[in-house]
Amino acid sequence: MNSAGPETDVVIAGAGLVGACLAALLGRSGLRVVLVEERPGKPATDDRPDPPSPARVSTFTPAVRRLLENLHIWQELETDAVAAVTAMHIEDADGGGRLRFDAAEAGASALGYVMENRVVAEALHRTIGALETVELRTGVPVRGVRVDTDQVRVELGDGGELSTRLLVAADGAASPLRERLGIRSRGWSYQQTAIVASIEVAADHRGIAWQRFLADGPLALLPLADGNMSIVWSAGTEHARRLLEKNEQEFDTALNEALGENGRRLFGTARCVGPRAGFALAYQQAREYTRPRVALVGDAAHRIHPLAGQGANLGLVDAAALAQVVGEAIASGRDIGSTGVLRRYARWRKADGLPMIGAVDLLQRSFRVQLPGFDALRALGMRTVDAVAPLKNVLARRAMGLSGEMPVAMRPPGI
Ligand SMILES: Cc1cc2nc3c(=O)[nH]c(=O)nc-3n(C[C@H](O)[C@H](O)[C@H](O)COP(=O)(O)OP(=O)(O)OC[C@H]3O[C@@H](n4cnc5c(N)ncnc54)[C@H](O)[C@@H]3O)c2cc1C
């Protein structure tokens, strides 16, 4: 170990979308970064294990598009890998409420972009691979950690050790690092499983993202660039288990029924193509986002219901915000792991992210309330929002990642 100080500036545990993006941002600014990933092989291709699993896709906000543009990633994505979301339709199966957002009405070319997580991860890893400042170690978990006054010692699963000024936990919702540091989190299971699969629809999806709130959870259809759609069907644990066990024909019947009249009118008959997989859903919120010399980003800090398609987006904002705070600290000659510097990151992300996280949780609960008359009230609320343009615009801008304190790397030009 070097007596002049820690051997590296930042160690990031976890090379998922958020950890990889942070490594690219920090490495590009000249910091020495070690990105440690416990899964072996190329992280970008790890979501296609044996047996085959459905492609994981996410809706990314226009703000994330700008971040990817800044990293020169967006420009290199194949156009047939990206589906622009031109409209979003939300409806309530019980109360008949509905809400529609339209990109043109919001003055945008798209409300978001649907891409396979793998495509974005691969692009991020190509960027990292071209940076001499970033070292990627795969197949090695972070095992232990000791925080000293002027550095963190990080113990690796292969017996190695690293010393760093700043350690970032980007190790996902279960975050072994968060546990090891004794950072408590609060949360609960939604008692729901999200079924993910690709489907073929008879009609042209025209870029419409659609979500129908059913009695035990929402069914979302996201447009894909190849004309197919990806479903995220959140259902009560037992119901989801039964759906996953159905054969293809039985599943298609249940799916077409769940689409309801409006869904079938919009998209025509749907047919599942390829495998299905289930993901248990939970809410989780770390009580602290930082400790001296340590920061939490992405799902390690917060895990939310996928109904608003915001989990990865929030994590990528964390990455951009932390990279900005660290960059500003360096410019003013401050220690990047100091409490003062990290506190700015924690305050920023809590002030900005918590309202969205709370709103998503509240929304998911409101659709499960079974009080007499509540569904009519909820439908009235949805119709009211739908009719009041300024209110609708505020919601659309939030969902597009265009409100709150945006990191510089995500802001539209000139702001
Ligand atoms: C069904 C579903 C649909 C979703 N849809 C959307 C959507 O449309 N839009 C959206 O924005 N979000 C969506 N999300 C949420 C999104 O997938 C997550 O928020 C996001 O993937 C979290 O990324 P992450 O990098 O923080 O964590 P992860 O992707 O979990 O990555 C963590 C990484 O850390 C590694 N790791 C773990 N422990 C260690 C260790 N000890 N040492 C080293 N490495 C370690 C893991 O191997 C992993 O690679 C969805 C989620 C679900 C379940």
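**Close-up views of the ligand shell, pockets and cavities**

**View A. The second largest pocket holds about 270 Å³ of space.** It is lined by 18 residues, and A55, V57, E116, L224 and D226 are the closest to its centre. β7 (112-116), α3 (117-129) and β16 (270-286) each give two or more residues to this lining. The model is predicted: local features need pLDDT of at least 70, side-chain atom pairs count only at pLDDT 80 or more, and totals for chains, interfaces and linings use all residues. Residues are numbered from 1 along each chain as its sequence is written, and side-chain values use heavy atoms, with hydrogens and water left out. A pocket is an open set of points on a 1 Å grid over the protein atoms alone, with protein on both sides within 12 Å along at least five of seven lines; lining residues have an atom within 4 Å of a point. Grid points are joined across faces, edges and corners, and a volume is the space filled by probe spheres set on the points. Helices (H or I, at least four residues) and strands (E, at least two) are DSSP runs, numbered from the N terminus.

**View B. The second largest pocket lies between two domains, because domain 1 (8-187 + 283-410) and domain 2 (188-279) both give residues to its lining.** Domain bounds come from an automatic or database domain assignment. The lining divides into eleven nonpolar, three polar and four charged residues. Here Ala, Val, Leu, Ile, Met, Phe, Trp, Tyr, Cys and Pro count as nonpolar, Asp, Glu, Lys and Arg as charged, and the others, Gly among them, as polar.

**View C. The ligand is surrounded by 29 residues.** E37, T59, V142, D299 and A312 are the closest; a residue is near if one of its heavy atoms lies within 4 Å. The shell has 13 nonpolar, ten polar and six charged residues. Domain 1 and domain 2 each supply at least three of its residues. The largest share, three residues, comes from α7.

**View D. Backbone atoms of V18, G309 and N313 approach the ligand.** A backbone N or O atom of V18 sits 3.1 Å from a ligand oxygen. For G309, the partner is a ligand nitrogen, also at 3.1 Å. For N313, a ligand oxygen lies 2.9 Å away. Taken alone, the ligand exposes 1000 Å², and the protein buries 87% of that (Shrake-Rupley method, 1.4 Å probe). Elements giving two or more residues to the shell are α1 (17-28), β2 (33-37), β3 (57-60), β12 (185-201) and α7 (311-331).

**View E. The largest cavity has a volume of about 190 Å³.** A cavity is a set of grid points where a 1.4 Å probe fits but cannot get out. Of its 16 lining residues, L314, V317, D352, G401 and S403 lie nearest the centre. α7 and α8 (339-366) each supply at least two lining residues. The lining has seven nonpolar, five polar and four charged residues.

**View F. The second largest cavity holds about 30 Å³ of space.** M88, F101, L111, A396, A399 and M400 line it. Six of these lining residues are nonpolar, with no polar and no charged ones. The count comes to two cavities of 30 Å³ or more.

How values were computed: A polar contact is a pair of N or O atoms within 3.5 Å; within protein, one must be able to donate a hydrogen and the other to accept it, and residues adjacent in sequence count only if both atoms are side-chain atoms.
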